[in-house]
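Student: I have a structure open in front of me, and I would like to learn how to read it. Could you take me through some of its features?

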Amino acid sequence: MNNPQRLHPITILFTIVGNLKEMVIPLLVYAGFNLFNRGGGQALIWIAAGAGLVISFILIQAVLRWYRQVYFVENDEFRMERGAWLKKKIYIPVERIQSVDDVESIWHRLFGVVQVRIETASGQEESEAVLEAVSRPAADRLKRALIQRKRSPTDPIEADSPDDGTETEPTPLDAEKLRFGTLLLSGLTSGRLGVVLALLGPALSIADDFFQINEGMVREAYLWAIGMLSVGWLLFAILLIAWVISILSTLIQDYRFTISRDHTHLMIQRGLLERRRTLIPLRRIQAVHIVENMARQPLGYVTLRIESAGYGAAEDQRLIAFPLLKRSQVPEYLDRFLPEFAESARASLQPVPRRVWKRMVLYPLPLPILLAAGLTWAFPLWGFWGWLLVPLAFVYNHWRFRDAGWAMTGRVVALRHRRFNRVTTWIPGRAMQCRTRCHTLLSRRVGLASFRTVLASGNRYESNWLDEKDVNCIAQRMDPEPEGTSA
């Protein structure tokens with residue numbers, strides 16, 4: 001990969017289509033303005049001339065952009081040069097690469113190419129480098145070149161790899177494919193109903209932009225729907241439609257989910273309309289999360305997610321390592337694919353000290369009491385219903401107290417918390433960028449402290465209200481870190 005490589009020529013077509021999509025609205029405005037102000041044949045001449053100039057510019061720019069964009073790997077760096085008029089050079093040290101993804105949309109599959117995305121720990125939402133369309137063999141060669149430079153000479157796969165330049169895929173040590181029945185159950189219990197309902201707001205906003213929705217239209221639609229259904233059935237129909245959409249989105253996103261592992265990397269494939277393959281080094285994994293939503297927890301099912309610095313800090317940017325697993329299967333699954341965390345998964349979590357109960361459950365209660373009192377004062381007719389917030393807050397806080405816990409096995413710390421979903425996070429000491437012990441004057445008096453850490457992904461984790469001696473033990477075990485093991 002030392003010689004500069006160009007993208008697949010179909011990139012020119014993708015670029016033209018992308019630019020034309022952006023120019024459609026300005027072109028329509030231009031055409032409408034000329035037809036309205038000039039009228040007749042002269043207007044058509046101006047429109048044709050303007051459209052011709054724009055399309056010619058787009059064609060020339062697309063060809064130049066494809067011709068000048070090259071990529072190669074040299075001196076342990078991935079290098080890319082791009083730009084139609086001004087050339088931009090991107091150098092990424094191989095050591096900084098967190099993962100390499102290839103994505104196939106419907107259009108990519110139609111032309112037999114893939115899009116390659118290279119992720120680093122920059123924290124940007126966009127990928128550090130994107131190759132819009134390359135052939136499958138070229139993508140495999142690039143991946144292999146990046147992977148081989150990242151491996152140390154002592155890695156077993158390195159010693160077994162052929163050195164004759166043949167394009168052979170590494171043999172996976174283990175692989176697991178999601179069955180369709182499990183995928184369907186995952187969709188039924190995904191908990192994305194709230195997300196779909198939340199998307200209705202932006203969808204209505206977009207519809208408002210196009211159709212200029214006014215109050216009269218909303219009232220007519222409401223009266224029509226009420227005429228067809230009662231209020232209760234109307235709400236039920238909305239929830240049912242949102243639930244079906246959430247099921248379909250899960251089926252499309254996780255269709256043919258497959259995970260495999262070799263000695264040093266994890267490979268994840270999934271997707272129906274957009275097929276994505278993610279290759280991530282095992283030692284770049286910052287944390288493993290076990291997520292139990294309220295629909296799955298009673299059934300004993302969990303979702304396994306992994307966190308890498310290349311995918312941002314947001315919760316929805318964590319990679320799914322397996323969409324649906326029995327809780328009892330997690331240790332065995334980690335043994336196969338993430339052995340660093342398997343021992344920790346078998347260890348029992350310790351609850352937070354009993355004396356924390358009143359701090360987690362009783363101390364936050366004044367806020368709902370004040371809120372309920374305010375509602376009662378402001379709305380005498382129905383404000384008394386606000387007092388229901390007090391027992392609800394009590395139950396919720398007690399729920400959080402009961403599920404909070406921690407554990408430490410070797411150099412892996414487990415922290416468990418709950419907002420609505422119960423989340424258990426395993427963090428290896430090598431991934432911790434800093435470790436902090438903190439306490440207040442009040443917590444010091446009762447021997448309590450908090451443990452906090454920040455990962456390279458930017459995510460911050462903390463466990464409050466632990467015994468001070470336990471926090472000291474965690475901090476001492478995680479620090480100092482052995483040389484050569486940091487992520």
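Tutor: Gladly! Let us start with a definition: two strands pair if DSSP finds at least two bridges between them. Keep in mind that this is a predicted model. Here, β1 and strand β2 (residues 70–74) pair in the antiparallel sense, with two bridges between them. One of those places is Arg-6, whose bridge partner in β2 is Val-70.

Student: Which sheet do β1 and β2 belong to, and which strands are at its edges?

Tutor: In general, strands of a sheet pair through backbone hydrogen bonds, and the pairing is either parallel or antiparallel. This sheet is open and has four strands, in the order β1-β2-β3-β4, with antiparallel pairing. Its edge strands are β1 (5–6) and β4 (88–93), each of which pairs on one side only.

Student: What is the strand order in the sheet that contains β19?

Tutor: That open sheet has three strands, ordered β19-β20-β21, and the pairing is antiparallel. β19 (432–438) and β21 (460–467) are at the edges with a single partner strand each, so one side of each has no neighbour in the sheet. From one strand to the next, the twist averages 15 degrees.

Student: How many bridges join β19 to β20?

Tutor: Six bridges join β19 to strand β20 (residues 448–455), and the two run antiparallel. To find your place, look for Arg-435, which stands opposite Thr-453 in β20.

Student: Which helix packs on this sheet?

Tutor: Helix α16 (residues 468–478) does, touching β19, β20 and β21. The direction of α16 makes about 140 degrees with that of β21.

Student: How do I read the sides of a helix? Which residues of α16 are buried?

Tutor: The general idea first: an α-helix has 3.6 residues a turn, so residues three or four places apart point the same way. In α16, the buried residues are Asp-470, Val-471, Ile-474, Ala-475 and Met-478. These residues cover an arc of only 135 degrees around the axis, which means they lie on the same side of α16. On the other side of α16, Lys-469 and Gln-476 are exposed.

Student: What do the buried residues of α16 pack against?

Tutor: They pack against β16 (405–409), β17 (412–418), β19, β20 and β21. Strand β16 includes Thr-409, so let us look there next.

Student: Is Thr-409 buried or exposed?

Tutor: Here a cut-off helps: buried means under 20% relative accessible area. Thr-409 has a relative accessible area of 15%, so it is buried. Leaving aside neighbours within four places in sequence, Thr-409 is in contact with Glu-343, Ser-344 and Ala-347.

Student: What about Arg-422: is it buried or exposed?

Tutor: Arg-422 lies in strand β18 (residues 422–428). Its relative accessible area is 12%, so Arg-422 is buried. A polar contact of 3.4 Å joins the side chains of Arg-422 and Asp-403. Beyond its neighbours within four places in sequence, the contacts of Arg-422 include Ile-290, Glu-292, Arg-327 and His-417.

Student: Why is strand β14 described as largely enclosed?

Tutor: Seven of the eight residues of β14 (residues 319–326) are buried, so the rest of the structure largely encloses this strand. Strand β13 (residues 301–308) pairs with β14 in the antiparallel sense over five bridges. You can find the pair at Arg-305, which stands opposite Ile-320 in β14.

Definitions and conventions
Residues are numbered from 1 along each chain as its sequence is written. This is a predicted model: local features need pLDDT of at least 70, side-chain atom pairs count only at pLDDT 80 or more; totals for chains, interfaces and linings use all residues. Side-chain values use heavy atoms; hydrogens and water are left out. Axes are lines fitted to C-alpha atoms, for helices over the stretch in contact, and angles run from 0 to 180 degrees between N-to-C directions. Contact means heavy atoms within 4.5 Å. Buried means under 20% relative accessible area, exposed over 50%, partly exposed in between (1.4 Å probe, protein chains only). The arc is that of the directions from the helix axis to the C-beta atoms. A polar contact is a pair of N or O atoms within 3.5 Å; within protein, one must be able to donate a hydrogen and the other to accept it, and residues adjacent in sequence count only if both atoms are side-chain atoms.
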